[in-house]
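Dear colleague,

Please find below the structure that I am handing over to you. My notes on what was found in it follow directly after.

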Amino acid sequence: MYRVLICDPLSEEGIRPLLDAEDVEAIADPSLSHEELLEAVKSVQAIIVRSQTQVTREVIEHAENLQVIGRAGVGVDNIDLDAATEHGVVVVNAPDGNTISTAEHTMAMLMSLARNIPQAYHQLQQKRWERKKFVGVELKGKTLGVVGFGRIGREVAQRAKGQRMKVIAYDPFLNQEKADKAGVDHGTLQEVLQQADFLTVHTPLMEETKHLIDREAIQLMKPGARILNCARGGIVDEDALYQAIQSGKIAGAALDVFEEEPATEHPLLSLTEVVATPHLGASTVEAQENVATDVSYDVLEHLRGGTVRNPVNMPSVSSEMMEQLSPYFKLSERLGAFLSRVVEGTLERVSVYYSGELTDVDTTPLTRIAIKGILRRHIGQRVNDVNAFKTASDKGIVINEQKSTSTKGFTNLLTVEIETDQEKRSIAGTLLNGLGARIVQLDQYSIDVVPDGNLILIHHKDQPGAIGRVGSLLSEHNMNIATMQVGRTNQGGDAVMVLTVDKEVESECQDRLGEITDINKVQCLTL
Ligand SMILES: NC(=O)c1ccc[n+]([C@@H]2O[C@H](COP(=O)([O-])OP(=O)(O)OC[C@H]3O[C@@H](n4cnc5c(N)ncnc54)[C@H](O)[C@@H]3O)[C@@H](O)[C@H]2O)c1
Ligand SMILES: O=C(O)[C@H](O)COP(=O)(O)O
């Protein structure tokens, strides 16, 4: 039974798949104190949050059984992604579900800002009929500067064009072709700042975007321009904005988000030029149902061993690519696991080579799985697909992935090579049509071994009687041999035997195998 803790209020309709799942115990508690949260996460496999709950390193470290964190929304700045990755916890979000609602909210804020609607309403509530005080400006013909031309930025731009505004956008991924297609101008951040009558930000909050709109940026703007932030508090420097409004440089601002939330006492709220909402961008029935449905799907999928659609701390794999790669998952993990158990010394470099039909696909997921297979020998189950690369790099292991033309006659070939401070070893495997995975090469030896079960790898001299002596000793230990493969470089030279036996080899049996004449080394492993 998977225990899923839902920390923030989520649409009940959206989380229906979780509530109905027979293998899930969903615990919804949006009112946990920090201390209660630390206690509650100890026993859960999944946590689902919106923007309010802070999933800090401390929370992740307390959650000993945690496998997945679901963010029912876009921004993941309330989740410590580094800590999640280090602990092998997948973070998933719901990037599409609230785009429209947030774009619509931005437009509502834009119009409120242009026409002073909240301020005028507030005056009416005070029984004051103010008309002169609230003269607004038209949107038509004005320039909207959009910083961050992603899902929401693009939707806002389309709507602004509907108001007959001119749109100029800045985004590091925006080029002329994309801008033309969207019917907007594109410019540098400086050009956008200089031309905007209204500036709206739609980037994530990250180190690079923190205070992106600061004092210097505001200085570049036209006198009397207006600023909107419906993305994240902190993208616009709040102190700089406050001073710019006070000085009259900026005519007004519309804010849905604040650096610290809840923000009921914020000085910006005391300015009549500011219209504000309490982080309502995604607060519609539709958006909440969408994001809760999307995140529930991914959380369930991950817990049940499936492939998530919206991973944040690992690359997503398209379903088409998944179809091509998934048959190789087990092979790559087993090759890595096999080699890591027989190699000696401290790991320094891992190289993975792909050939045949694997040359034309993005094989990064397979490399990641091979690395997981290798590292599990030393680090155990804490290494998974999420943190395999990071764990390797933290340990100073260099990873190298290459496509190779050498297929050795197979339609596909995956070769894993490990270099340690003592030796370099390699293993190659293939998927045989209808027959499954096979190890076909170990170092210089050609073999044909199913990478499964209890294996004994014996390095010996190619001399008559070696195989017979191994067979007799195993039978003395009541060990049944399921398969046996031998490979040699040349007659009478170095050779290997790979045996599959029906049960795990006890250390006494392994020691006695090592004492047999002409046998140099015996290694036992279970895959
Ligand atoms: N107010 C709300 O309730 C609400 C709702 C949804 C999303 N959001 C916020 O809006 C943000 C954007 O959402 P989205 O769905 O459009 O995300 P998105 O990932 O589709 O788009 C973000 C865009 O920002 C661009 N970007 C990154 N760094 C930049 C920089 N330095 N300068 C300019 N552009 C930069 C990216 O290239 C990307 O195109 C989210 O990260 C979230 O924090 C707020
Ligand atoms: O990043 C987001 O998706 C929005 O900020 C929505 O946040 P919320 O889930 O707290 O409404």
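How do the residues of the shell around ligand 2 divide into nonpolar, polar and charged? In this predicted model, three are nonpolar, eight are polar and one is charged. The residues that surround ligand 2 are R50, S51, Q52, A72, G73, V74, G75, N98, H279, G281, A282 and S283.

**Ligand 1**

Ligand 1 is surrounded by 33 residues, and the closest of them are G75, G148, G150, P204 and G281. Two elements give two or more residues to this shell, namely helix 5 (residues 99-115) and helix 7 (residues 151-162). Helix 7 supplies the largest share, three residues. Sorted by class, the shell around ligand 1 holds 15 nonpolar, 13 polar and five charged residues. Domain 1 and domain 2 each provide at least three residues of the shell around ligand 1. G75 and G281 are listed among the closest residues to ligand 1, and G75 and G281 also appear in the surroundings of ligand 2.

**Domains**

The protein chain is divided into four parts: domain 1 (2-97 + 286-303), domain 2 (99-276), domain 3 (315-434) and domain 4 (453-527). Between the C-alpha centres of domain 2 and domain 3 there is a distance of 48 Å.

For residues 455-527, an unreviewed UniProt entry lists "domain: ACT". In the model, this span is 27% helix and 42% strand, and its end C-alpha atoms lie 8 Å apart.

**Helix 7**

Since helix 7 gives the largest share of the shell around ligand 1, I describe this helix separately. Helix 7 has twelve residues, and the distance from its first C-alpha to its last is 17 Å, close to the 16 Å expected at 1.5 Å a residue. Which of its residues are buried? They are I152, G153, R154, V156, A157 and A160. The cover over these buried residues includes helix 5, strand 6 (143-147), strand 7 (166-170), helix 8 (176-182) and strand 9 (198-201). Helix 5 therefore deserves a second look in the display, as what covers the buried residues of helix 7 includes helix 5. After helix 7 comes R164, which has a positive phi, near 60°.

**Backbone features in loops**

Three loops hold a backbone feature to look at in the display. In the loop between strand 11 (250-255) and strand 12 (274-276) lies P262. The peptide bond that leads from E261 to P262 is cis, and its omega is near -5°.

K408 is placed in the loop between strand 14 (398-403) and strand 15 (412-420). K408 is not a glycine, yet its phi is positive, at about 50°. K408 counts as partly exposed because it has 14 C-beta neighbours inside 10 Å.

D518 belongs to the loop between helix 17 (507-515) and strand 22 (519-526). D518 also has a positive phi, of about 75°, although it is not a glycine. With 14 other C-beta atoms within 10 Å, D518 is partly exposed.

**Individual residues**

N412 is part of strand 15. Why is N412 partly exposed? The reason is its count of 19 other C-beta atoms within 10 Å, as a residue is buried if 20 or more other C-beta atoms lie within 10 Å of its own. Apart from neighbours within four places in sequence, N412 is in contact with G356, E357, L358, T430 and L431. The C-alpha atoms of N412 and E177 are 38 Å apart, and these two residues are separated by 235 residues along the chain.

S426 lies in strand 16 (residues 424-432). S426 counts as partly exposed because 18 C-beta neighbours lie inside 10 Å. Not counting residues up to four places away in sequence, S426 touches T415, V416, E417 and D443. T415 is eleven residues from S426 along the chain, and the C-alpha atoms of the two are separated by 6.9 Å.

R304 sits in the loop between helix 12 (285-303) and helix 13 (319-342). Is R304 buried or exposed? R304 counts as exposed, because it has 11 C-beta neighbours inside 10 Å. R304 and Y2 are 302 residues apart along the chain, and their C-alpha atoms are separated by 9.2 Å.

With kind regards

Terms used. Residues numbered from 1 in each chain as written. Chains lettered and ligands numbered in written order. Predicted model: local features only at pLDDT ≥ 70, side-chain atom pairs only at ≥ 80, totals over all residues. Near = placed C-beta within 6 Å. Nonpolar A, V, L, I, M, F, W, Y, C, P; charged D, E, K, R; others polar. Helix = DSSP H or I, 4+ residues; strand = E, 2+ residues; numbered from the N terminus. Domains from an automatic or database assignment. UniProt positions renumbered as here; feature names shortened; annotations may be inferred. Expected span 1.5 Å × (residues − 1). Buried ≥ 20, exposed ≤ 12 C-beta atoms within 10 Å, placed from the backbone. Contact = placed C-beta atoms within 7 Å.
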